[in-house]
Amino acid sequence: MLVREVMSSPAITVRRADPVRQAIRTLYGHDITAAPVVDDSDRLVGVVSELDLLRGEFEPDPRATVTPTSPPAEPPPRRVMEVMTGDVVTVTETTDVTTAIDLMVGKRIKSLPVVRGDRIVGMVSRRDLMAMLARPDEELRQAVVAALREQYPSGPSWDIAVHNGVAELSGPPHEHADHIAGLLARTVPGIVRVRHMRRST
C-alpha cells in the first residue's frame, strides 16, 4: 500500500513567521497534531507539533519559583520559527506505508509531510493509518469487489471475504489471474494481506 492511498490532502500548513497562538488555533481547528512549516515561497522549512507550540506559549508561573533570588525566566518564543523542528523527515506519494511506519517508529514522530518534488501535497499521520485499519470488514470487502470489477473486468470470478483486514479470494486455480487480483486487492486502504483460497471446480 502506498502513502498516497492513506494520506490527508491537501496539507494544512503554517508559516514560519506566524505567531505561536495563531498556529495553535490552526492545529486545534483542524484537529491535527502537527503541521508542515513553509516560508514565503511555500517551501518546506520545518514541522511544528502540538508540544512545540505548547512549549512556545506558556511561561513559568512565578508561584513555582524556588527562591526569590532566582533570575527571571527568559521570555518564551513567540513565532513558529522559534519552536519548530527544522530537521524534517519526508516521504513521497509512492513511499510504501510500511516504510512510513518504520520512519515514525524510528524517529519517534507522529506524522510525516508528503512531498512531490519541492511541493507539499499532504501529510500522513498515525491517525490516518489507524483510520485505515479501523474500516469495517464488510466495507473493505465491498471495496475489493469494486476494485476487481472496475480494474479487472475480464478476470475470473472470485468469492471474496475479508476478516480483520485480510482479503480471502476463493476461486479455481489461476496463477496469473490470482497475482493480478492480489495486487488490486492490496490497493484498497485497510487491506493488509491477501489470501488465495481454492474451491473445487
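## Exercises on strands, sheets and rings

Tyr152 and Trp158 are both buried. The model is predicted. Work through each exercise in turn.

**Exercise 1. Find how the rings of Tyr152 and Trp158 are arranged.**

Step 1. Recall the general description. A pair of aromatic rings is described by the distance of the centres and the angle of the planes.

Step 2. Count the pairs. The structure holds 1 aromatic pair. The ring centres of Tyr152 and Trp158 are 6.2 Å apart, and the planes stand at 35 degrees.

Step 3. Test the distance. Rings pair if their centres lie within 6.5 Å. The value of 6.2 Å passes.

Step 4. Test the angle. Planes under 30 degrees apart count as stacked, over 60 as edge-to-face and the rest as tilted. At 35 degrees, the pair is therefore tilted.

**Exercise 2. Is strand β2 (residues 34-38) enclosed by the rest of the structure or left open? Describe its pairing with β1 and β3.**

Step 1. Look at burial. Buried means under 20% relative accessible area. In β2, 5 of the 5 residues are buried, so the strand is largely enclosed by the rest of the structure.

Step 2. Recall how strands pair. Strands of a sheet pair through backbone hydrogen bonds, either parallel or antiparallel.

Step 3. Take β1 (residues 14-15). This strand runs parallel to β2, with 2 bridges joining them. Val14 faces Val37 of β2 as its opposite residue.

Step 4. Take β3 (residues 44-49). Its pairing with β2 is antiparallel and has 5 bridges. Here Ala35 stands opposite Val48 of β3.

Step 5. Follow the chain from β2 to β3. The two strands form a hairpin, with 5 residues between them. In the turn, Asp42 has a positive phi of about 65 degrees.

**Exercise 3. Which strands stand at the edges of the sheet β7-β8-β9? Place helices α6 and α7 against the strands.**

Step 1. Set out the order. The open sheet has 3 strands, ordered β7-β8-β9, with mixed pairing.

Step 2. Find the edges. β7 (159-163) and β9 (193-198) each have a single partner strand, so one side of each lacks a neighbour in the sheet. On average, neighbouring strands are turned by 25 degrees against each other, direction ignored.

Step 3. Check one pairing. β8 (residues 166-171) and β9 run parallel, joined by 6 bridges. Val166 has Arg193 in β9 as its bridge partner.

Step 4. Add α6 (residues 137-151). This helix packs on the sheet and touches β7 and β8. Its direction makes about 145 degrees with that of β7.

Step 5. Add α7 (residues 175-186). This helix lies across β8 and β9, at about 145 degrees to β9.

Definitions and conventions
Residues numbered from 1 in each chain as written. Predicted model: local features only at pLDDT ≥ 70, side-chain atom pairs only at ≥ 80, totals over all residues. Heavy atoms only, no water. Buried < 20%, exposed > 50% of the residue type's maximum accessible area, 1.4 Å probe, protein only. Helix = DSSP H or I, 4+ residues; strand = E, 2+ residues; numbered from the N terminus. Pairing = 2+ DSSP bridges. Axes fitted to C-alpha atoms, helices over the stretch in contact; angles between N-to-C directions. Contact = heavy atoms within 4.5 Å. Phe/Tyr/Trp six-rings, centres within 6.5 Å; stacked < 30°, edge-to-face > 60°.
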